[in-house]
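Please walk through the fold shown below, moving from single residues to helices and then to the open space between them. The account is meant to be read alongside the coordinates.

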Amino acid sequence: MRALATWSGAFAGLMLTLVGSLIPAAMLWPGVPLEVLPLPSTWQVPALLICALVCGPRAGVIASVAYLTIGLVDLPVFHDGGGPGYLLNPGFGYLAGFVPAAWLCGRLSQQEGMNDLARLTLAAIAGLVMIQICGLLNLLVGGLLGRWADPLPELLFSYGVGPLPSQLALCVAAGLLALPLRRLLLIE
């Protein structure tokens, strides 16, 4: 029964991540007329984190490996397309960080007392930090080897620092969505 839950959670997480990569993130901005402020991110990362928070580390890792596999076999599910050539893209380190991030976030979510918003949000932020570390390492190694055409500070801003505030806000949203799902599925 546990295997069925893991695989169904992984499949749901994969579908969520695939759909999340297509949906641009936005937030409501309080103004005279209700305004929507677009964020420089998609729901891809929060979808993966929600999968890990709700279904655990195994399902999160399976979903992230499946997502990477789908993208690397030439289906254009990544930001700039897909295929094996994407391994040489400066942003691939962030995608590769999905695997350890899903494991860490899922592992943290299984600790005692994780059924409150603050702790789930912190677990999601820990997953985001893992993604950022993997992406940063990839950019630094590629920069040292002269693999990137763009200057390293520009790459660090466009791939890491630029989207980070919106991704942090989406970690709160991931915690908000994971909390009722965990209660609905009786996850303690």
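Asp74 counts as exposed, because its relative accessibility is 53% and the cut-off for exposed is over 50%. In this predicted model, Asp74 sits in the loop between helix 3 and helix 4, and helix 3 is followed by this residue. Its backbone deserves attention as well, since Asp74 has a positive phi of about 85° although it is not a glycine. For comparison, most residues other than glycine have a negative phi.

Stepping back to the whole chain, one finds 8 helices and 2 strands, arranged along the sequence in the pattern α-β-β-α-α-α-α-α-α-α. Of the 188 residues of the protein chain, 42% count as buried. Among contacts between residues at least 6 apart in sequence, 65% join residues at least 24 apart.

Helix 3, the element that precedes Asp74, covers residues 57–72, and its geometry can be checked against a simple expectation. With 16 residues at 1.5 Å a residue, helix 3 should span 22 Å, and the end C-alpha atoms are indeed 22 Å apart, so the expected and computed values agree. Which residues of helix 3 are buried? They are Pro57, Ala59, Gly60, Ala63, Ser64, Tyr67, Leu68 and Gly71. Around the axis of helix 3 these residues cover an arc of only 165°, which means that they lie on the same side of the helix.

Leu68, which is found in helix 3, gives a closer view of that buried side. Its relative accessible area is 10%, and Leu68 is therefore buried, the cut-off being under 20%. Leaving out residues up to four places away in sequence, Leu68 touches Phe78, Phe92, Leu95, Ala96 and Val99. One of these partners, Leu95, is 27 residues from Leu68 in sequence, yet the two C-alpha atoms are 7.4 Å apart in space.

Helix 5, made up of residues 98–109, can be treated in the same manner. Its 12 residues should span 16 Å at 1.5 Å a residue, and because the end C-alpha atoms are 16 Å apart, the computed length agrees with the expected one. The buried residues in helix 5 are Phe98, Ala101, Ala102, Cys105, Gly106 and Ser109. Seen down the axis of helix 5, these buried residues fall within an arc of 120°, and so they line one face of the helix.

Gly106 is one of the buried residues of helix 5, and its relative accessibility is 0%, which is why it counts as buried. Neighbours within four places in sequence aside, Gly106 is in contact with Ala52, Gly56 and Pro57. Pro57 is also among the buried residues of helix 3, so that this contact joins helix 5 to helix 3. The C-alpha atoms of Gly106 and Ile50, which are 56 residues apart along the chain, are separated by 9.0 Å.

Beyond helix 5, the loop between helix 5 and helix 6 holds Met114. Is Met114 buried or exposed? Its relative accessibility is 9%, and for that reason Met114 counts as buried. Apart from residues up to four places away in sequence, Met114 touches Leu108, Ser109, Arg119, Leu120, Ala123 and Arg182. Between the C-alpha atoms of Met114 and Leu179, which are 65 residues apart along the chain, the separation is 9.2 Å.

The last topic is empty space. Rolling a probe the size of a water molecule over the atoms shows where empty space is left. The largest pocket has a volume of about 550 Å³, and 22 residues line it, with Gln44, His79, Tyr159, Pro163 and Gln167 lying nearest its centre. Two or more lining residues come from each of strand 2 (35–42), helix 2 (44–55), helix 4 (92–96), helix 6 (117–144) and helix 7 (152–161). By class, the lining has 12 nonpolar, 9 polar and 1 charged residues.

Gln167, one of the residues nearest the centre of the largest pocket, is found in helix 8 (residues 164–184). At 13% relative accessibility, Gln167 counts as buried. When residues up to four places away in sequence are set aside, Gln167 touches Ser41, Val45, Leu128 and Gln132.

Conventions
Residues numbered from 1 in each chain as written. Predicted model: local features only at pLDDT ≥ 70, side-chain atom pairs only at ≥ 80, totals over all residues. Heavy atoms only, no water. 1 Å grid on protein atoms, 1.4 Å probe; cavity = no way out; pocket = protein on both sides within 12 Å on 5 of 7 lines; lining within 4 Å. Points joined across faces, edges and corners; volume = space filled by probe spheres on them. Helix = DSSP H or I, 4+ residues; strand = E, 2+ residues; numbered from the N terminus. Nonpolar A, V, L, I, M, F, W, Y, C, P; charged D, E, K, R; others polar. Expected span 1.5 Å × (residues − 1). Buried < 20%, exposed > 50% of the residue type's maximum accessible area, 1.4 Å probe, protein only. Arc of directions from axis to C-beta. Contact = heavy atoms within 4.5 Å.
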